[in-house]
Amino acid sequence: MKPTIVTSAAAIQTVKAALLSGLLLSLVPGVVLGQSIAKKGTTPYVTHFIFRPLQSIDIPGLGTATVLEAVGTTQNMKGEAMLDKMSAQCAALSVASGEKKYIDGACVLADKDGDKIFSTFDTRDQDKSQPDMNCGTHIITGGTGKYKGITGSEPFTCISMPALAGPGGYTAMDIPHNTTWEIK
């Protein structure tokens with residue numbers, strides 16, 4: 001006796017769909033599994049920040065030191081995935097004493113996967129080769145996940161925004177960066 005194979009149109013369609021899905025997965029893994037990032041590059045992006053003063057020491061006639069928290073989001077100016085739509089959080093110390101005025105701090109950027117980039121910054125560190133980036137420089141010191149091993153330099157400029165409504169001394173600023181980075 002010969003075995004009888006019974007097939008239905010629905011079963012055939014299901015098998016065809018499964019085979020087509022498998023074929024697509026093998027041909028375009030970058031589309032299905034997400035964009036991979038390059039190992040190095042130059043990326044212009046802007047961080048849209050809100051600054052919140054946490055604590056201040058004010059000595060009239062001598063100076064002020066203010067601890068700030070800054071939070072915001074990033075926007076890649078070329079529309080690329082690198083450094084785009086990341087959350088940003090920074091801790092900073094703003095010092096104003098006579099002619100000396102500067103802000104030092106550290107930031108972490110996190111992408112939608114939870115992978116992070118860590119950097120420090122100093123507004124006294126100016127990249128003279130990029131005169132438009134005249135507010136300071138971030139130094140990328142490392143990362144997690146897909147950014148593990150990242151290093152780089154991010155000269156930046158500061159664009160003040162209108163004062164925020166309400167109490168608390170909150171301020172806003174857009175910070176364009178011109179980042180050169182490498183993942184080793």
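What follows is a walk through the fold, core, aromatic pairs and salt bridges of this predicted model.

Some ground rules come with the model: local features need pLDDT of at least 70, side-chain atom pairs count only at pLDDT 80 or more, and totals for chains, interfaces and linings use all residues. Residues are numbered from 1 along each chain as its sequence is written, and side-chain values use heavy atoms, with hydrogens and water left out.

The protein has 2 helices and 9 strands, taken as DSSP runs numbered from the N terminus (H or I of at least four residues for helices, E of at least two for strands). Along the sequence, the order is α-α-β-β-β-β-β-β-β-β-β. Of the 184 residues, 30% count as buried; buried means under 20% relative accessible area, exposed over 50%, and partly exposed in between, with a 1.4 Å probe and protein chains only. About 11,700 Å² is exposed, with carbon and sulfur atoms supplying 62% of that area (Shrake-Rupley method, 1.4 Å probe; for residues, only the protein chains shown count as cover). Among contacts with a separation of 6 or more, 48% come from residues 24 or more positions apart, a contact being heavy atoms within 4.5 Å.

The largest nonpolar core holds 24 residues, and F49, M82, L83, L109, I117 and I150 touch the most other members. Such a core is a set of buried Ala, Val, Leu, Ile, Met, Phe, Trp, Tyr and Cys residues joined through side-chain atoms within 4.5 Å. Strands supplying at least two residues each include β1 (40–59), β5 and β7, while β9 gives the most, with 4 residues. Beyond its neighbours within four places in sequence, L83 is in contact with residues including Y45, L109, I117 and T179. T47, in strand β1, is buried at a relative accessible area of 1%, and touches T73, A88, M173 and H177, among others, outside its close sequence neighbours.

Two aromatic pairs turn up in a search of the whole structure, that is, 2 in total. Rings of Phe, Tyr and Trp (its six-membered ring) pair if their centres lie within 6.5 Å; planes under 30 degrees apart are stacked, over 60 edge-to-face, and the rest tilted. F49 and F51 have ring centres 5.6 Å apart and planes at 45°, so this pair is tilted; both residues are buried. F121 and F156 sit edge-to-face, at 6.3 Å centre to centre and 80° between the planes. That second pair links strand β5 (residues 116–122) with strand β7 (residues 150–156), its members being 35 residues apart, and both are buried.

On the charged side, the search finds 8 salt bridges, each a side-chain nitrogen of Lys or Arg within 4 Å of a carboxyl oxygen of Asp or Glu. R124 is a busy one: it bridges to D104, with the closest N and O atoms 2.4 Å apart, and to D122, at 3.2 Å. R124 lies in the loop between β5 and β6 and D104 in strand β4, so their bridge ties together parts 20 residues apart in sequence. R124 also lies over the face of Y102, 3.7 Å from the ring centre; this calls for CZ of Arg or NZ of Lys within 6 Å of the ring centre and within 35 degrees of the ring normal. Elsewhere, K146 and D115 meet at 2.6 Å, N to O, and belong to a salt-bridge network with D111 and D113. K146 is partly exposed at 28% relative accessibility, whereas D115 is buried at 15%.
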